[in-house]
Amino acid sequence: MKTRITKMFGVEHPIIQGGMHYVGFAELAAAVSNAGGLGIITGLTQQTPERLANEIARCRDMTDKPIGVNLTFLPIVNEPDYPGLIRAVIDGGVKIVETAGNNPAKWLPVLKDNGITVIHKCTTVRHSLKAQEIGCDAVSVDGFECGGHPGEDDIPNMILLPRAADELEIPFIASGGMADARSLVASLAMGAEGMNMGTRFIATKEAPVHDNVKAAIVAASELDTRLVMRPLRNTERVLTNAAVDRLLQKEHDLGANIRFEDIAPEVTDVYPKVMLDGDMDVGAWSCGMVAGLIDDIPTCRELIDRIMAEAETLVRHRLEGLLAA
Ligand SMILES: Cc1cc2nc3c(=O)[nH]c(=O)nc-3n(C[C@H](O)[C@H](O)[C@H](O)COP(=O)(O)O)c2cc1C
């Protein structure tokens, strides 16, 4: 399948693995890229430029296909060493960056001057238009269903994607709630040029996370995620667990007076303990509603091959067949 996105990124299939904290290590990125999609290393998980450079080099040892790096720009006082991380990306020869979080305008000149293609993740049409205006090459449009941070506008992809198609000139991919060939074909029908998957890629053989995490995703239904940190305007969709129940109780009890410090025990330093140690109730961790569509743990190649084969059947038989009938 050829789309503006496969051409832009030089990949075989229009399937991207979104950056994921403590999931997007070299092993997963390489497996996705080797299967013909675009694998992405999560920059901030590596913490320092030296460690990111090492992770990129490890990934390069596992694949000669295009790979990307996610740079999430956080609104925090003690900023990570973004210039150093960007230098590691450039020196590592990575040509694709997925930006997320704050407006990436400040960092675009150095990325573009070094021949890097930038895809920015947005949860609204207005942010997507801004990304287009400041010179991003593509956007990843993240609907309300998504695992992670869906923003504060709560627009699901059935509305968000056609709205993006109506407004944008640069290509966009559908993100949030994507799991299979049905997701891909529907996204293409709504104007996207491919799809981005987060939660689905965690439940794969190569994702270097604890088996408890994969089992939790397989066991979860579409009813098992919750939105936390809404009162702080930093909404995150997470898998429900005991810590999430505690956190939501605090939000309920403290109302508008809640401060980050009140919920810090449930959201600080959670990812290594969940993803690496498999300590599932230690805190809130991102997971999409799409968990309800995930019931196996394939390799990345099995997953991507299945999606592409079923997408072809959907288009050629089901959709064409409806017309013929
Ligand atoms: C465990 C987890 C961690 C994530 N961490 C990040 C991150 O560090 N930066 C980022 O831009 N997006 C992050 N995301 C969002 C994903 O890149 C992607 O946009 C999202 O998962 C898409 O929704 P889906 O889970 O329904 O596929 C994370 C998602 C999950 C599930």
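Visitor: How much of the chain counts as buried?

Guide: For burial, you look at how crowded each residue's surroundings are. In this predicted model, 46% of the 325 residues of the chain count as buried.

Visitor: And what does the radius of gyration say about the overall fold?

Guide: Take the chain length, work out what a compact globule would give, and compare. With 325 residues, that would be near 20 Å; the chain has 19 Å, which agrees. Along the principal axes, the C-alpha atoms fill a box of roughly 60 × 50 × 40 Å. As for the elements inside that box, the chain has 15 helices and 10 strands. Contacts help here too: among those with a separation of 6 or more, 63% are between residues 24 or more positions apart.

Visitor: Which residues come nearest to the ligand?

Guide: The shell around the ligand holds 29 residues, and Gly 18, Ala 100, Gly 147, Gly 198 and Gly 288 come nearest. Then you can ask what the shell is made of. By class, the shell residues divide into 9 nonpolar, 16 polar and 4 charged. Strand E3 (67-73), strand E8 (195-197) and helix H10 (199-202) each supply at least two of the shell residues.

Visitor: Let's turn to helix packing. At what angle do H2 and H4 pack?

Guide: Here you read the angle, the distance and the handedness together. H2 and H4 pack at about 35°, their axes 9 Å apart, and the crossing is right-handed. By class, this contact has 5 nonpolar, no polar and 2 charged residues.

Visitor: Which residues of the two helices meet?

Guide: From H2 you have Ala 26, Ala 29 and Ala 30, and they meet Glu 55, Arg 58, Cys 59 and Met 62 of H4. There's a general idea behind spacings like these: an α-helix has 3.6 residues a turn, so residues three or four places apart point the same way.

Visitor: What about the backbone: which residue in the loop between strand E1 and helix H2 should I look at?

Guide: Try Tyr 22, which sits in the loop between strand E1 (15-17) and helix H2 (26-34). Phi of Tyr 22 is near 60°, a positive value in a residue other than glycine. Tyr 22 counts as partly exposed because it has 19 C-beta neighbours inside 10 Å, where 20 or more would make a residue buried. Gln 47 is another case, with phi near 70°. You'll find Gln 47 in the loop between helix H3 (43-46) and helix H4 (49-62). Gln 47 has 12 other C-beta atoms within 10 Å, so it is exposed.

Visitor: Is Thr 204 buried or exposed?

Guide: Count the neighbours again: Thr 204 has 25 other C-beta atoms within 10 Å, so it is buried. Thr 204 lies in the loop between H10 and helix H11 (211-219). Leaving out residues up to four places away in sequence, Thr 204 touches Ile 297, Pro 298, Thr 299, Cys 300 and Leu 303. As for Ala 181, which is 23 residues from Thr 204 along the chain, the two C-alpha atoms are separated by 16 Å.

Visitor: Which residues of helix H9 are buried?

Guide: In H9 (residues 181-189), look at Ser 183, Leu 184, Val 185 and Ser 187. Next, ask what they face: the buried residues of H9 pack against helix H8 (157-167), strand E7 (172-175), E8 and helix H15 (300-324). After H9 comes Gly 191, with a positive phi near 110°.

Conventions
Residues numbered from 1 in each chain as written. Predicted model: local features only at pLDDT ≥ 70, side-chain atom pairs only at ≥ 80, totals over all residues. Helix = DSSP H or I, 4+ residues; strand = E, 2+ residues; numbered from the N terminus. Rg over C-alpha atoms; globule rule 2.2 N^0.38 Å. Contact = placed C-beta atoms within 7 Å. Near = placed C-beta within 6 Å. Nonpolar A, V, L, I, M, F, W, Y, C, P; charged D, E, K, R; others polar. Axes fitted to C-alpha atoms, helices over the stretch in contact; angles between N-to-C directions. Left-handed = near helix turned anticlockwise from the far one by under 90°.
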